Amino acid sequence: MLVFIVLFVGVFLLQNLLDNNNALEQQKIEQKLKEEHANAINSAKAGLQVYATIVSSIKSYTKNEATFPDEYQLQKYLNDLLKDINFKDSILISHVGIDHAFKYVITPNQIDPKKLKGVSTKSFISKKKIAALDRLMQSEDIELFPPINLREGWAGFPFDFSARNNKNEILGYVAPVINVKYLLDYFYENNDAETYVHKFIVNDSIDLTREAVHNNTEIFNATEDAEYYKNFDVKDSDFIYSSIQLFGLKLRIGSAYKVKPLVDKSSTNIAYAWYALISLLVLLSLYQFLKNRALNNSLHDANDLVLDKNKALEGNLLKIQTLIKEIHHRIKNNMQMVSGILLMQEDEYEDENIKKALRDSQNRIQSMSLVHEKLYANATLKEVNTKEYIEQLLMYVEDTVKYKALELQKEIVIIQELYFDGDTSSDLGLIINELVTNSFKHTFREGRNNKLRIEIIKEESFYKLIYKDYGKGLADNFDFKSAKTLGMQLITILTEQLGGRLEYNKSPDSTFIIYFKPLEKSFKA
């Protein structure tokens with residue numbers, strides 16, 4: 001029954017671990033979208049800032065000239081201003097009089113392309129917009145108005161200001177209009193258009209594409225935009241939004257994945273496959289153990305009746321020993337498989353904290369695996385030579401975490417005849433693994449006189465483990481009971497499991513002292 005409970009708890013812990021891993025992968029996907037969204041906002045601001053700089057230059061030119069420039073003078077200035085910028089015909093400038101009639105309309109290459117000179121804007125602009133333009137003529141500000149569909153066949157952003165001569169007399173207003181397609185092309189060139197899609201909404205009501213403004217007015221350009229977000233099957237709930245204020249205009253920007261990435265489930269399937277295999281081996285071992293136990297009971301009952309069964313019993317005992325060796329061997333191999341999986345997992349992450357955590361887990365598994373290797377190599381199947389085990393464990397930890405250029409002096413003071421049972425050796429190995437790993441992380445450095453000392457001595461009815469790394473030691477107010485690191489928690493738990501206690505001295509040398517009793521009687525060779 002206990003085995004089934006352990007396996008059930010193992011499934012629960014494995015699922016919890018995998019859920020945490022999947023949640024981490026999902027967070028990475030969401031973080032990449034947030035980074036792209038931040039780039040989108042910065043690109044939108046940068047594009048409009050370039051446009052605002054051009055408009056500010058045009059305003060200064062019109063106001064500082066001796067006479068307000070005519071269309072040819074303004075066109076020449078515009079071309080000089082744009083000679084190093086790839087605007088082509090992506091900007092249009094209108095001079096509108098106080099009576100709201102067009103004085104002239106220019107582009108970098110054309111004069112009044114749609115014959116609007118003399119036409120009153122009141123014939124196609126709302127009264128509310130006319131009132132706003134009247135207020136603008138009395139102001140010194142440059143104002144960004146909501147985008148409009150132009151008769152020239154493209155969607156534009158108007159950046160208007162009052163038209164004044166050098167005597168500060170009001171002559172109407174000037175309306176530079178930049179092609180929305182230029183601004184959004186500037187945006188898309190600086191962002192990953194293959195992976196992401198974006199929305200642009202003005203004043204929470206006007207929807208933009210690179211070809212048209214969707215504000216219930218007539219659209220003069222019917223060209224479809226292949227990058228328009230409505231051509232993708234993306235739900236509005238998949239977008240993340242941010243609003244920015246630019247020159248009095250509210251621009252709402254949304255970003256989403258064109259195809260939302262899914263968390264890779266392959267590692268989950270592999271983990272469950274390995275757990276199922278290990279569980280099967282455990283159940284088979286349990287079945288074999290129960291079967292052998294029943295056989296032993298039968299042989300014990302028959303021993304009083306049949307003396308000639310002694311040879312058969314000796315044969316069965318040899319089989320049992322072989323089986324136990326095989327169990328230890330398989331457990332060691334399975335642990336090394338798990339360690340190998342963790343090693344492969346390291347290559348899948350760039351985060352150094354995750355890699356360190358995986359390497360720490362490999363060391364812990366290896367310390368337990370080494371106990372089983374020592375057990376099945378020993379004739380008694382329950383004794384581990386403590387000095388040999390700790391020396392080999394130190395070699396493995398060094399190979400795993402030590403820098404190649406780091407020099408380390410090791411002093412191991414343990415009598416050669418000291419043996420502990422497998423459980424005690426496993427607990428001690430895990431404790432020493434955590435202490436040594438901690439020294440490599442926080443104490444040992446290249447170019448220093450790095451040294452550690454491990455000593456195990458017997459005092460009356462208990463043993464004492466002394467560990468020194470001659471470093472600066474823990475903080476003065478360090479509390480083992482409230483320690484949050486897994487390593488310190490393991491040391492505390494394993495010490496209690498050995499029925500012992502933990503002491504720490506910072507002076508004269510950083511020293512851990514652990515008093516413990518073996519879980520089974522110690523052995524002397």
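This report describes the empty spaces in a predicted model, and then one buried lysine.

Rolling a probe the size of a water molecule over the atoms shows where empty space is left. The second largest pocket has a volume of about 870 Å³. Its lining is made up of 33 residues, and those nearest the centre of this pocket are Phe-124, Ile-125, Lys-129, Ile-148 and Asn-149. Helix α3 (127–137) is among the elements that supply at least two residues each to this lining, as are the strands β1 (91–96), β2 (102–106), β4 (148–149), β5 (155–164) and β6 (170–179). The most comes from α3, which gives five residues.

Three cavities of 30 Å³ or more are present in the structure. The largest cavity holds about 120 Å³ of space. Twelve residues line the largest cavity, and Ala-44, Leu-48, Leu-183, Leu-184 and Leu-251 are the closest to its centre. Two or more lining residues come from each of α1 (2–64) and α4 (180–189).

The table sets out the kinds of residue in the two linings.

| Space | Nonpolar | Polar | Charged |
|---|---|---|---|
| Second largest pocket | 20 residues | six residues | seven residues |
| Largest cavity | ten residues | two residues | no residues |

The last topic is a single side chain. Lys-199 belongs to strand β7, which covers residues 196–202. Is Lys-199 buried or exposed? Lys-199 counts as buried because its relative accessibility is 9%, and the cut-off for buried is under 20%. The side chain of Lys-199 makes a polar contact of 2.4 Å with the side chain of Asp-236.

Methods:
Residues numbered from 1 in each chain as written. Predicted model: local features only at pLDDT ≥ 70, side-chain atom pairs only at ≥ 80, totals over all residues. Heavy atoms only, no water. Helix = DSSP H or I, 4+ residues; strand = E, 2+ residues; numbered from the N terminus. Buried < 20%, exposed > 50% of the residue type's maximum accessible area, 1.4 Å probe, protein only. Polar contact = N/O pair within 3.5 Å; in protein donor to acceptor, adjacent residues only side chain to side chain. 1 Å grid on protein atoms, 1.4 Å probe; cavity = no way out; pocket = protein on both sides within 12 Å on 5 of 7 lines; lining within 4 Å. Points joined across faces, edges and corners; volume = space filled by probe spheres on them. Nonpolar A, V, L, I, M, F, W, Y, C, P; charged D, E, K, R; others polar.
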